[in-house]
Amino acid sequence: MDEAIALCRVSSKEQLDSNSLNLQGESVDAMADELKVKIVKKWAIQQSSKKGQNIKRKDLQEALVLCRKNKKIKYFLVDKVHRYMREMEMIFYFKVLFREQGVKLIFCDPGQRDLNEDTPEASLKLAQKAYDAEIANVERRDTALSRMSARVAAGYYPFNTHAGYKKTEAEDGLHIPDEPRFGLLQEGCRLIIYKQHTVSQAVKWMNENGYLTKGGKKLDINHFEEFIVDEYYCGFVKIDGPDWPDKVPGLHVPLLSKREHALLIAIIKKRNPRMRSIHNPEFPMANIIRHQECEGLGGYEKFAGHNHNPGKTRKGTQKALKPVYDCRDCRKRIGRDMTHENFSDYLESLVFIPDDKSFKHALLKVWKNQRGSNAQRLLVLNANKDVIDKKIRDTTVTYATESDEIVKSSLRKLLGEYNDELQQAETDIHEASNIDLESDDFVKFAFQQVDTMRDKWWKLNWNDKARGEQILFNGKIYVDNAAKVHTPNLSNIYTLGTNKKALSGMDNAHLVELVGTAPTSVSLTG
């Protein structure tokens with residue numbers, strides 16, 4: 001008695017749930033009864049058959065091997081062409097391979113049995129059915145890709161969720177933090193970025209604190225390094241491929257900021273094994289203080305802050321981490337606490353010049369030298385306004401006579417830009433007209449602003465410290481190898497207490513220093 005093999009295939013879970021496999025099974029069983037053959041092997045699978053996926057299909061390879069071994073097999077039964085596959089070229093390719101083994105491909109559906117005849121007409125009809133199956137798959141794919149591409153452009157990620165995230169129960173499928181995974185991943189990453197943990201140490205910490213994958217397993221180091229570098233974790237949605245929107249800001253909550261993510265990637269790739277956060281609150285002077293011995297050598301004389309690992313004791317126990325500042329040029333290391341103490345002492349030694357009248361006179365003199373008189377400034381501002389007025393008039397005339405809609409659109413945009421410039425010019429003129437540089441209130445504000453910045457230095461955030469660096473020290477704060485503080489460009493509105501009397505004979509204009517130098521040696525011993 002001849003034998004047969006049979007294939008029942010679906011490509012999606014929806015088809016699997018719709019009883020399609022059972023219906024195909026009934027179809028091939030009916031054909032086997034008609035042919036009076038026994039089905040010795042039946043594949044009932046969920047398997048994609050789109051173009052490019054069929055050449056190495058496991059079910060077809062297994063079927064060929066079985067046919068080579070069992071010469072009693074004479075038929076390969078399939079319900080319909082598209083259940084066989086949706087790739088025109090491969091349909092004929094595998095048909096020939098099975099024929100070489102003495103096995104005939106049979107389509108069992110009553111509406112396609114004419115394809116089983118050994119005639120040129122049957123081959124042509126099979127080619128048409130194969131073409132229709134492949135085109136339908138392409139159209140379905142393009143439609144699905146178009147819908148998903150639109151969702152990506154809107155900030156959604158339409159595929160499986162990333163580690164640390166889950167989908168909302170709503171239809172939009174937005175990804176949201178999956179606690180506690182999200183929080184543990186976030187803290188683990190920041191241990192690497194800010195606390196100098198190795199990747200291994202951070203992953204161990206996450207596992208010890210209860211991190212489990214969705215499969216219930218502990219986090220693997222290699223897996224963590226593989227998925228965490230995705231830009232998804234700093235708030236972007238990016239799908240590889242030419243037909244997808246490029247790097248769209250996502251609607252999901254980012255695990256890390258863009259800067260933090262860049263630092264993490266650099267550390268993982270071993271390009272930057274040391275923390276380089278310029279805003280770490282534990283090291284408020286990082287990227288503000290400079291190494292005096294490296295001035296002008298490489299351009300990176302600013303210090304970075306981090307917790308130094310001093311190694312282990314003779315007994316093998318871990319020594320406590322030491323907070324330090326490292327020079328980015330020569331890697332000279334100075335203690336953080338000593339540096340802060342010396343700088344605090346230095347700030348305390350600065351004495352504000354109490355003579356309001358002298359300071360006001362000096363302030364006016366410098367400002368007039370730098371910016372011209374207020375009358376001159378108003379003259380310049382009004383001249384700029386007249387230029388903008390002329391541009392608006394000329395453009396309006398051109399706009400009115402221009403017939404081309406594209407050109408008119410450009411002119412309309414240009415008019416809007418000129419109008420913005422005009423409004424800004426009028427605002428500047430109004431403000432300049434109301435400035436009274438000799439106002440006692442203004443001078444009091446200037447004194448209070450600078451003095452408050454000095455007294456509350458350690459409470460300022462990093463950005464305000466950077467502004468204070470410009471106001472108090474004209475942009476340069478140096479420390480030497482012994483952590484002594486040195487500010488060669490100390491603003492002359494301050495002086496050291498010991499030198500206060502020496503300023504009585506100075507030219508008042510130098511009490512306010514925009515460009516200049518303070519006493520050549522201003523330092524404290526740490």
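In the predicted model, Ser 27 is buried, with a relative accessible area of 14%. The residue belongs to helix H2. When neighbours within four places in sequence are set aside, the contacts of Ser 27 are with Asp 79, Cys 108 and Asp 109.

Helix H2 spans residues 20-35, and the loop that separates this helix from strand S2 (38-46) contains Lys 36. The backbone of Lys 36 has a positive phi, near 55°, in a residue other than glycine. Because its relative accessibility is 64%, above the 50% limit, Lys 36 is classed as exposed. A second non-glycine residue with positive phi is Asn 287, for which the angle is near 65°. Asn 287 is likewise placed in a loop, here between H10 and strand S9 (289-291). Its relative accessibility is 12%, so Asn 287 counts as buried. The two loop residues thus fall into opposite classes of accessibility, Lys 36 being exposed and Asn 287 buried.

For the protein as a whole, 16 helices and 16 strands are assigned. The protein has 526 residues, of which 39% count as buried. Among contacts with a separation of 6 or more, 65% are between residues 24 or more positions apart.

Two helix pairs are described in turn. The first is formed by H3 and helix H5 (residues 88-100), which pack at an angle of about 20° with their axes 9 Å apart. Angles under 35 degrees count as roughly parallel, and H3 and H5 are therefore roughly parallel to each other. Their crossing is left-handed. On the side of H3, the contact is made by Leu 60, Gln 61, Ala 63, Leu 64 and Cys 67, and on the side of H5 by Phe 94, Leu 97 and Phe 98. By class, these residues comprise seven nonpolar and one polar, with no charged residues.

Val 65 also lies in H3, which covers residues 58-69. With a relative accessibility of 37%, Val 65 counts as partly exposed. The C-alpha atoms of Val 65 and Gln 101 are 9.6 Å apart in space, while the two residues are 36 positions apart in sequence.

The second pair consists of H7 (residues 181-194) and H8 (residues 199-208). Ahead of this pair, Pro 180 is located in the loop between strand S6 (175-177) and H7. The peptide bond that joins Glu 179 to Pro 180 is cis, with omega near 5°. H7 and H8 pack at an angle of about 155°, and their axes are 9 Å apart. Angles over 145 degrees count as roughly antiparallel, so H7 is roughly antiparallel to H8. The crossing of H7 and H8 is right-handed. In H7, the residues that meet H8 are Leu 184, Leu 185, Glu 187, Gly 188, Leu 191 and Ile 192; their partners in H8 are Val 199, Ala 202, Trp 205 and Met 206. The contact is made up of eight nonpolar residues, one polar and one charged.

Within H8, the buried residues are Val 199, Ala 202, Val 203, Met 206 and Asn 207. Viewed down the axis of H8, these residues fall within an arc of 135°, so they line one face of the helix. An α-helix has 3.6 residues a turn, so residues three or four places apart point the same way. Lys 204 and Glu 208 are exposed on the other side of H8. The buried residues of H8 pack against H7, helix H9 (221-227) and helix H10 (258-268). Val 199, Ala 202 and Met 206 are among the residues of H8 that meet H7, and these three are also listed among its buried residues. Just after H8, Gly 210 has a positive phi of about 105°.

Definitions and conventions:
Residues are numbered from 1 along each chain as its sequence is written. This is a predicted model: local features need pLDDT of at least 70, side-chain atom pairs count only at pLDDT 80 or more; totals for chains, interfaces and linings use all residues. Side-chain values use heavy atoms; hydrogens and water are left out. Axes are lines fitted to C-alpha atoms, for helices over the stretch in contact, and angles run from 0 to 180 degrees between N-to-C directions. Helices (H or I, at least four residues) and strands (E, at least two) are DSSP runs, numbered from the N terminus. Angles under 35 degrees count as roughly parallel, over 145 as roughly antiparallel, 65 to 115 as roughly perpendicular and the rest as oblique. A crossing is left-handed if the near helix is turned anticlockwise from the far one by less than a right angle, and right-handed if clockwise. Contact means heavy atoms within 4.5 Å. Ala, Val, Leu, Ile, Met, Phe, Trp, Tyr, Cys and Pro count as nonpolar, Asp, Glu, Lys and Arg as charged, and the others, Gly among them, as polar. Buried means under 20% relative accessible area, exposed over 50%, partly exposed in between (1.4 Å probe, protein chains only). The arc is that of the directions from the helix axis to the C-beta atoms.
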